[in-house]
Amino acid sequence: MRYLVLFCFGLFTVQLSIAQDTCPCCSENHKAFDFWVGKWSVTNPDGSYAGTNSISKEEDECVIREQWTSATPGYTGTSMNYYDAVRKQWVQLWVDNQGQSLYMRGGLVNGAMVLTSELLLGTDGVHRYNRVTWTPVQKGKVRQHWEVSTDGSNWTTAFDGLYSPI
């Protein structure tokens with residue numbers, strides 16, 4: 001019995017040691033979007049207030065969660081962002097309180113996070129690609145530039161926001 005207790009204790013100690021040394025989401029790839037984490041006041045290019053965004057790391061640092069509140073009364077949304085280590089891509093799933101969703105994939109391009117959707121049918125009946133680029137800029141700010149395209153070549157700005165830390 002004594003040997004069984006010692007064996008179990010040793011096994012538990014080894015398991016605990018392995019668990020403490022393992023961090024499934026601590027690679028540089030998993031941290032590539034950390035520049036977006038924070039509480040932000042967001043403005044449009046003309047300086048007008050666009051809304052607030054709270055970006056947090058959750059699920060043992062494996063998920064970046066966005067909670068958007070627009071300056072337009074009653075409009076909110078959330079996204080889950082994570083690094084897919086199998087596909088070696090970042091993924092975002094956005095869902096808002098109007099029943100709309102957006103699924104995009106991508107990764108770092110020259111220090112900016114660039115995520116793009118497949119061709120999607122919009123509520124207006126037009127098929128579009130979506131491309132969103134988050135770029136760290138001076139003084140700890142982040143620019144979010146959302147573009148849409150019907151052909152994947154010619155892009156039009158849908159949103160251009162400057163994130164300033166709160």
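Let's start on the surface, where Y82, L93, V95 and Y103 come together as a nonpolar patch with about 340 Å² of accessible area between them. One of these residues, V95, sits in strand β5, which covers residues 89-96. With a relative accessibility of 38%, V95 falls in the partly exposed class. Keep in mind that this is a predicted model.

**The overall picture**

Stepping back, the protein has one helix and 11 strands. Reading from the N terminus, the order is α-β-β-β-β-β-β-β-β-β-β-β, so to speak a helix followed by strands. Of the 166 residues, 33% are buried. The accessible surface adds up to about 10,400 Å², and carbon and sulfur atoms own 57% of that. As for contacts with a separation of 6 or more, 27% of them are between residues 24 or more positions apart.

**How the strands pair**

Four strand pairings are worth laying out next to each other.

| Strand pair | Sense | Bridges |
|---|---|---|
| β1 and β2 | antiparallel | six bridges |
| β1 and β11 | antiparallel | four bridges |
| β9 and β10 | antiparallel | nine bridges |
| β10 and β11 | antiparallel | seven bridges |

Strand β1 spans residues 38-43 and β2 spans residues 49-58. A handy residue for finding your way around here is S41. On one side, S41 has T52 of β2 as its bridge partner. On the other, S41 stands opposite S164 in β11. The β1-β2 connection is a hairpin with five residues between the strands, and G47 in the turn takes a positive phi of about 90 degrees.

At the other end of the chain, β9 (residues 127-137) runs antiparallel to β10 (residues 141-149). If you want a pair to look at, R131 is matched with E147 in β10. Three residues lie between the strands of this hairpin, and K139 has a positive phi near 60 degrees. Strand β10 also pairs with β11, which covers residues 156-165. There, Q144 stands opposite G161 of β11. These two strands form a hairpin as well, with six residues between them, and the turn residue G152 shows a positive phi of about 80 degrees.

While looking at strands, one general point helps: side chains in a regular strand alternate between the two faces of the sheet.

**A glycine in the β9-β10 loop**

G140 belongs to the loop between β9 and β10. Which residues does G140 touch, leaving out those up to four places away in sequence? The answer is W40 and P165. G140 and Y163 are 23 residues apart along the chain, with 8.8 Å between their C-alpha atoms. For all that, G140 is partly exposed, at a relative accessible area of 48%.

**The disulfides**

The structure has two disulfides. Counting the bonded cysteines along the chain, the pattern is 1-3, 2-4.

One disulfide links C23 and C26, with an S to S distance of 1.7 Å. The link is right-handed, at 55 degrees about the S-S bond. Both ends come out as partly exposed: C23 has a relative accessibility of 37%, and C26 has 36%.

The other disulfide links C25 and C62, with the sulfurs 1.9 Å apart. Why is this disulfide called right-handed? Because the torsion about the S-S bond of C25 and C62 is about 95 degrees. C25 is in the loop between α1 (2-21) and β1, while C62 is in the loop between β2 and β3 (63-70), so this bond ties together parts that are 37 residues apart in sequence.

Are C25 and C62 buried or partly exposed? C25 is buried, because its relative accessible area of 9% is under the 20% limit. C62, at 22%, is partly exposed, because that value lies between the 20% limit for buried and the 50% limit for exposed.

Definitions and conventions. Residues numbered from 1 in each chain as written. Predicted model: local features only at pLDDT ≥ 70, side-chain atom pairs only at ≥ 80, totals over all residues. Heavy atoms only, no water. Disulfide = S-S within 2.5 Å. Buried < 20%, exposed > 50% of the residue type's maximum accessible area, 1.4 Å probe, protein only. Pairing = 2+ DSSP bridges. Patch = residues over 30% accessible without salt bridge, like charges linked within 9 Å, V, L, I, M, F, W, Y side chains within 5 Å. Areas by Shrake-Rupley, 256 points an atom, 1.4 Å probe, with all protein chains shown as cover. Salt bridge = Lys/Arg side-chain N within 4 Å of Asp/Glu carboxyl O. Contact = heavy atoms within 4.5 Å.
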